[in-house]
Amino acid sequence: MKISILATLFATASAFAPSSKVATPSSTTALKAEEGELLKVKEKVPCFGATPLGGEPVFIGENYWDKLTLEYGSEATGTYLRAAELKHGRSAMLAVTGFAFHKLGLTLNNISPHEYLSIRDNIKFADLAAMSPIEAVKHIPAEGMAQIFAAIAAVEIYELTHRNGKIAYDETVAPGLQPGGLTGDLGWNPLNIKVTDRRRLSELQNGRAAMFAISAWVAAEAIPGSVPIPLPW
């Protein structure tokens, strides 16, 4: 994949042409005040991005990130956006793992002692293994989908109602509904691994790669010939 970085090389000539209007003292004062406001240094919200080999982390879309966190929103907006990306990345990594297991034949008919996913609906694990991953998902009974939804809801409710691993009884507004309350950090660390910025960055990058991967795999499965995208050269 080739990544093209487009830069604006030319500006209009009028931008450099001398102004025909004579500046008045009042207009000069207003202009200086406006420039002072624009040049005021605002606290930047840290963010993560790509890490070049042997270099420091670089966020390619930093200008747009600054607009979201400084101009259109606040630091809490940045926290929420990072948490949203983190959750989508985690979901994508789980999806990639499940998709790969299905394709590699590491399915529940070869692992589980049970033969049926649903005896009432006469759905066997072997039947799902013979299907494509997308078709297999379509054949999961409604009760199975409800269990998946309930598990996801439990995690979301936990984050909404807990702070530092404890339920927030003394707060009138749930921690997850407060500005910057959703961070994606559930406080679950049974191995007591030291969570560093480098580890957080790795998780974000793996999540981004997984989002691209699962999108491509699903597209290739659902629309034959759609991946890879044909290029003119």
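## Two helices that cross

Let's start with a pair of helices: the axes of α3 and helix α8 (residues 197–222) come within 7 Å of each other and cross at roughly 50 degrees. That angle makes α3 oblique to α8, a label for angles outside the ranges called roughly parallel (under 35 degrees), roughly antiparallel (over 145) and roughly perpendicular (65 to 115). The axes here are lines fitted to C-alpha atoms over the stretch in contact, with angles from 0 to 180 degrees between N-to-C directions. Among the residues making the contact (heavy atoms within 4.5 Å) are Leu86, Gly89, Val96 and Phe99 of α3 and Leu204, Gly207, Ile214 and Trp217 of α8. By class, this contact of α3 with α8 has 14 nonpolar, four polar and six charged residues.

This is a predicted model, where local features need pLDDT of at least 70 and side-chain atom pairs count only at pLDDT 80 or more, while totals for chains, interfaces and linings use all residues. Residues are numbered from 1 along each chain as its sequence is written, and side-chain values use heavy atoms, leaving out hydrogens and water.

## A closer look at α3

Helices here are DSSP runs (H or I, at least four residues), numbered from the N terminus. With 30 residues, α3 reaches 43 Å from its first C-alpha to its last, close to the 44 Å expected at 1.5 Å a residue; that expectation is 1.5 Å times one less than the number of residues.

Several α3 residues are buried, including Gly78, Ala83, Leu86, Val96, Phe99 and His102. Buried means under 20% relative accessible area, exposed means over 50%, and partly exposed is in between, using a 1.4 Å probe and protein chains only. Just after the helix, Gly105 takes a positive phi of about 85 degrees.

## Around His102

His102 lies in α3, which covers residues 75–104. Why does His102 count as buried? Its relative accessibility is 16%. Leaving aside neighbours within four places in sequence, His102 is in contact with Thr107, Leu128, Ala129, Met131, Ser132, Pro133 and Ala136.

Two of those partners are worth a visit. Ala129 sits in helix α5 (residues 125–129) and is partly exposed, with a relative accessible area of 26%. Beyond residues up to four places away, Ala129 touches His102, Thr107 and Asn109. Ser132 is in the loop between α5 and α6 (133–138), and with the same kind of neighbours set aside, Ser132 touches His102 and Glu221.

Technical notes:
Helix = DSSP H or I, 4+ residues; strand = E, 2+ residues; numbered from the N terminus. Nonpolar A, V, L, I, M, F, W, Y, C, P; charged D, E, K, R; others polar.
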